[in-house]
Amino acid sequence: MVGITVTDRHEGHEERRFPRSLYGQGSEPDPRFSLANERTFLAWIRTSLALMAAGVALEVFLVPIQPAFRLTAAILLVAAGIGAPLQAWFGWLRTERAMRMSTPLPSPRFAGPVALVVLVAGILVILGIALWR
Amino acid sequence: MTRVERVFDPGLQPERTALAWQRTILALGVAALAASRGLLPLFGASSYVIAGAGLAVIVAILIATDRRYRAVHRHLTTVDSSTLPSGGRLDD
């Protein structure tokens, strides 16, 4: 697989990187791919933050839309903000493992549900604007 | 700032990763400050303590991120360009 290099230099080297269960297996991938994986993790963390901030802001600033829709949208956004770190961590872990074991990269399985929740929250906000007297 | 003789990667991946960490931690810092500002009517003066603690954590992580970038850069350009000394420990 392009970019995957095997190194025997570190056999017998005591694995001190966290998590050990990951770094103990397979071979070292190209560091650039690991760094890109890390940036993806950080992007999901920032996404989580933005989602939670949006949900809280809806309620804290009592945005003038239909209150029931506003509360539901706020809860959904915060929930999505809680779900995004799951994709961040498990996505990073599974991708790093796939790179080490030279297997196909996993799909971001938590990304779909997060996107769906955000979509529903957006629809609720639009409805809240439309139904505000 | 240390002298940088050469970069490991023309695509500047370690540098981009260090910047991504800074972006993320700064976003967390802003959120922590906003949250402690919001706690002011609830906790009064103690919310300043909470904000201070949050800022201290943010600064600590930023410093750790900078040290990690230097370790990664040094490792990749001098010691061994095939492995990434990632994770919580700064091995060398």
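# A walk through chain A and its neighbour

In chain A, take the contacts (heavy atoms within 4.5 Å) between residues at least 6 apart in sequence: 72% of them join residues at least 24 apart. What you're looking at is a predicted model, where local features need pLDDT of at least 70, side-chain atom pairs count only at pLDDT 80 or more, and totals for chains, interfaces and linings use all residues. Residues are numbered from 1 along each chain as its sequence is written, chains are lettered from A and ligands numbered from 1 in the order in which they are written, and side-chain values use heavy atoms, with hydrogens and water left out.

Let's start with the overall layout. Chain A has 4 helices and 0 strands, so its pattern along the sequence reads α-α-α-α, given that helices (H or I, at least four residues) and strands (E, at least two) are DSSP runs, numbered from the N terminus. Of its 133 residues, 38% count as buried. Here buried means under 20% relative accessible area, exposed means over 50%, and partly exposed is in between, with a 1.4 Å probe and protein chains only. The accessible surface of chain A comes to about 7,500 Å², and 70% of that belongs to carbon and sulfur atoms. Such areas come from the Shrake-Rupley method with a 1.4 Å probe; for residues, only the protein chains shown count as cover.

Now for the charged residues. Side chains of opposite charge can pair when their charged atoms come close. The rule for a salt bridge is a side-chain nitrogen of Lys or Arg within 4 Å of a carboxyl oxygen of Asp or Glu, and the count comes to 6 over all chains. One of them joins R17(A) to E28(A), with the closest N and O atoms 2.6 Å apart. This pair links distant parts of the chain: R17(A) sits in the segment before helix 1, and E28(A) in the loop between helix 1 and helix 2 (31-60), 11 residues apart. Are these two buried or exposed? R17(A) is buried, with a relative accessible area of 9%, and E28(A) is buried, with a value of 9%. Add R100(A), and you have a network of salt bridges linking R17(A), E28(A) and R100(A).

Another salt bridge pairs R70(A) with E59(A), where the closest N and O atoms are 3.1 Å apart. R70(A) lies in helix 3 and E59(A) in helix 2, so the pair ties together parts that are 11 residues apart in sequence. R70(A) is buried at 9% relative accessible area, while E59(A) is partly exposed at 25%. There's also R32(A) with D30(A), their closest N and O atoms being 2.9 Å apart; R32(A) is partly exposed at 33%, and D30(A) is buried at 10%.

Next, look at the rings. A pair of aromatic rings is described by the distance of the centres and the angle of the planes. Rings of Phe, Tyr and Trp (its six-membered ring) pair if their centres lie within 6.5 Å; planes under 30 degrees apart count as stacked, over 60 as edge-to-face and the rest as tilted. How many aromatic pairs does a search of the whole structure find? It finds 3 over all chains. One of them, F18(A) with W89(A), is stacked, at 6.1 Å centre to centre and 25° between the planes. F18(A) comes in the segment before helix 1 (20-23) and W89(A) in helix 3 (residues 67-101), so the pair ties together parts that are 71 residues apart in sequence. F18(A) is exposed at 55%, whereas W89(A) is partly exposed at 30%. Together with W92(A), F18(A) and W89(A) form one aromatic cluster.

Finally, step over to chain B. T17(B) lies in helix 1 (residues 13-43) of that chain, and T17(B) is buried, with a relative accessible area of 1%. What does T17(B) touch? Leaving aside residues up to four places away in sequence, T17(B) touches L35(A), E38(A), R39(A) and L42(A). With R39(A), the side chain of T17(B) also makes a polar contact of 2.9 Å. That term covers a pair of N or O atoms within 3.5 Å; within protein, one must be able to donate a hydrogen and the other to accept it, and residues adjacent in sequence count only if both atoms are side-chain atoms.
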